[in-house]
Amino acid sequence: MIHVIGGGAIGMLYAARLASQNASQVLLAVRSMEQASYISEAGIRIEDEDAGSVVRLSSVPTDGAYIEKVMEQPPEWVLITVKQHHIQDQLLELFRKTAHPNSNWVWLQNGMRAMDVIQAQIPGMHWLAVTTEASLRLGIGHIKYTGRGRTSIGRSTAPLELSSNEKSRAFSLIEKLEKAGLRAALSNNIIEELWRKLTVNAIINPLTAILKIRNGSLLESDDLQRVMKQLYREVTAVAEAEYIHLPLNLWDYVEDVCKQTSQNYSSTLQDLMNGRPTELDWMNGFIIEKASEHGIEVPTHQMLYSLVKGLETVHTKPKSD
Ligand SMILES: NC(=O)C1=CN([C@@H]2O[C@H](COP(=O)(O)OP(=O)(O)OC[C@H]3O[C@@H](n4cnc5c(N)ncnc54)[C@H](OP(=O)(O)O)[C@@H]3O)[C@@H](O)[C@H]2O)C=CC1
Ligand SMILES: CC(C)(CO)C(=O)C(=O)O
């Protein structure tokens with residue numbers, strides 16, 4: 001049994017894809033009763049490049065109803081697809097209550113946080129994932145699959161060699177994802193992959209959010225490229241201090257992502273435009289925290305972080321008039 005926690009863009013994509021292979025083995029746990037009832041009755045509609053389809057599956061809210069489902073049949077896999085700021089006491093308490101020693105927890109967020117405390121509190125095996133899949137939520141049971149990507153899964157203890165038990169567990173999920181049409185692979189160094197994605201996000205996301213431009217526009221100006229390169233130098237210095245070996249051509253990858261997602265509005269810009277909190281605390285905020293531990297100056301990250309957090313406050317502030 002696979003449980004997907006969070007009925008957003010990514011959660012609905014994984015749940016619907018997996019359910020298209022074996023609906024009886026997938027449960028989507030969402031925040032509201034309204035969304036759970038809608039999906040259980042009408043399914044999830046996915047708009048693809050050229051067609052649309054509806055996938056039927058079960059959904060419950062993450063409350064007593066979810067706990068009952070876990071009691072009936074504990075899941076082998078729990079894919080956590082909520083945003084970073086959703087991972088807080090209430091949800092962690094639910095995970096503690098429903099945890100089973102044989103469960104596998106897959107954390108699928110963009111950005112970084114120290115996972116040790118969370119993992120120590122929740123029995124089972126914990127996995128980290130990095131995904132380049134792209135999905136947009138159009139309604140409570142409706143998504144657009146905006147870009148085919150790949151999901152890397154690895155143990156947070158990597159780069160230590162995985163045991164044969166760990167490998168066979170990982171391959172059982174990878175096989176299910178691949179059968180469902182989602183490309184997936186086992187990573188022997190997921191922390192390094194997370195730092196690569198972090199580097200991309202910590203450059204593209206704050207700049208596009210402040211300037212209110214699409215990702216591709218970052219490459220149209222030499223001035224913006226200079227700021228991007230400064231952000232790059234700062235983040236790679238922090239990675240080095242953390243003994244993270246980033247590829248030498250990572251700058252090319254940052255440019256590639258700008259090109260490949262040239263028409264996208266970054267998730268941070270979308271969050272601001274919709275008056276939602278951003279994930280910047282776990283992107284540039286994480287880099288600033290690590291830099292400070294090593295006594296490294298990251299003034300450009302600090303400036304952009306403050307500007308985005310300022311915009312976040314202004315955009316999410318309740319209006320009095
Ligand atoms: N979308 C994308 O293309 C990509 C996203 N990611 C990362 O994946 C993660 C998820 O992103 P995305 O799907 O876009 O985000 P969304 O905001 O679309 O989805 C998050 C979902 O989590 C739900 N949620 C929050 N708290 C709870 C709770 N206690 N119980 C149940 N559900 C809850 C929210 O419910 P509600 O709607 O009720 O608030 C929301 O539906 C993020 O870290 C993002 O950075 C990574 C790569 C690509
Ligand atoms: C890769 C990128 C920058 C695509 O928009 C992204 O991950 C995001 O917007 O959060």
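Two strands are said to pair if DSSP finds at least two bridges between them, and helices (H or I, at least four residues) and strands (E, at least two) are themselves DSSP runs, numbered from the N terminus. The structure is a predicted model, in which local features need pLDDT of at least 70 and side-chain atom pairs count only at pLDDT 80 or more, whereas totals for chains, interfaces and linings use all residues. Residues are numbered from 1 along each chain as its sequence is written, chains are lettered from A and ligands numbered from 1 in the order in which they are written, and side-chain values use heavy atoms, with hydrogens and water left out.

Strand E3, residues 44-47, is a convenient place to begin. Four bridges join E3 to strand E4 (residues 52-55), and the two strands run antiparallel; a hairpin of four residues makes the connection between E3 and E4. Within this pairing, Ile44 has Val55 of E4 as its bridge partner. E3 is also joined by three bridges to strand E10 (residues 142-147), this time in a parallel arrangement, and here Arg45 is partnered with His142 of E10. The side chains along E3 alternate, with Ile44 and Ile46 pointing to one face and buried, while Arg45 and Glu47 point to the other and are not buried. In this account, buried means under 20% relative accessible area, exposed over 50%, and partly exposed in between (1.4 Å probe, protein chains only).

The loop between strand E1 (2-5) and helix H1 holds Gly7, and this glycine counts as buried because its relative accessibility is 8%. Leaving aside neighbours within four places in sequence, Gly7 is in contact (heavy atoms within 4.5 Å) with Met12, Leu28, Ala29, Val30, Gln35 and Arg137. Tyr243, by comparison, is 236 residues from Gly7 in sequence and 36 Å from Gly7 in space, C-alpha to C-alpha.

Gly7 also leads to ligand 1, since a backbone N or O atom of Gly7 lies 3.5 Å from an oxygen atom of this ligand. That pair meets the criterion for a polar contact, which is a pair of N or O atoms within 3.5 Å; within protein, one must be able to donate a hydrogen and the other to accept it, and residues adjacent in sequence count only if both atoms are side-chain atoms. For Ile10, a backbone N or O atom lies 2.8 Å from an oxygen atom of ligand 1, and for Arg31 an N or O atom in the side chain is 2.7 Å from an oxygen atom of the ligand. Taken alone, ligand 1 exposes 900 Å², of which the protein buries 84%, the accessible areas coming from the Shrake-Rupley method with a 1.4 Å probe (for residues, only the protein chains shown count as cover).

Around ligand 1 there are 22 residues, of which Ile10, Arg31, Thr62, Ser135 and Glu279 come nearest; a residue is near a molecule or strand if one of its heavy atoms lies within 4 Å of it. Helix H1 (9-22) and strand E9 (134-139) each supply at least two residues of this shell, and the largest share, three residues, comes from E9. By class, the shell has seven nonpolar, ten polar and five charged residues, where Ala, Val, Leu, Ile, Met, Phe, Trp, Tyr, Cys and Pro count as nonpolar, Asp, Glu, Lys and Arg as charged, and the others, Gly among them, as polar.

Ligand 2 has its own surroundings, which include Asn110, Lys197, Val257 and Ser266. Polar side-chain atoms of three asparagines lie at short listed distances from an oxygen atom of ligand 2: 3.0 Å for Asn201, 3.1 Å for Asn205 and 2.9 Å for Asn215. Ligand 2 taken alone exposes 280 Å², and the protein buries 87% of that. Helix H7 (residues 190-211) provides the largest share of the shell, four residues, and the shell divides into two nonpolar, seven polar and one charged residue.Finally, Gln109 sits in the loop between strand E7 (104-107) and helix H5 (116-121), and counts as buried because its relative accessibility is 9%. The side chain of Gln109 reaches the backbone oxygen of Ile80 at 2.9 Å, and a polar atom of that side chain lies 2.7 Å from the backbone oxygen of Val82.
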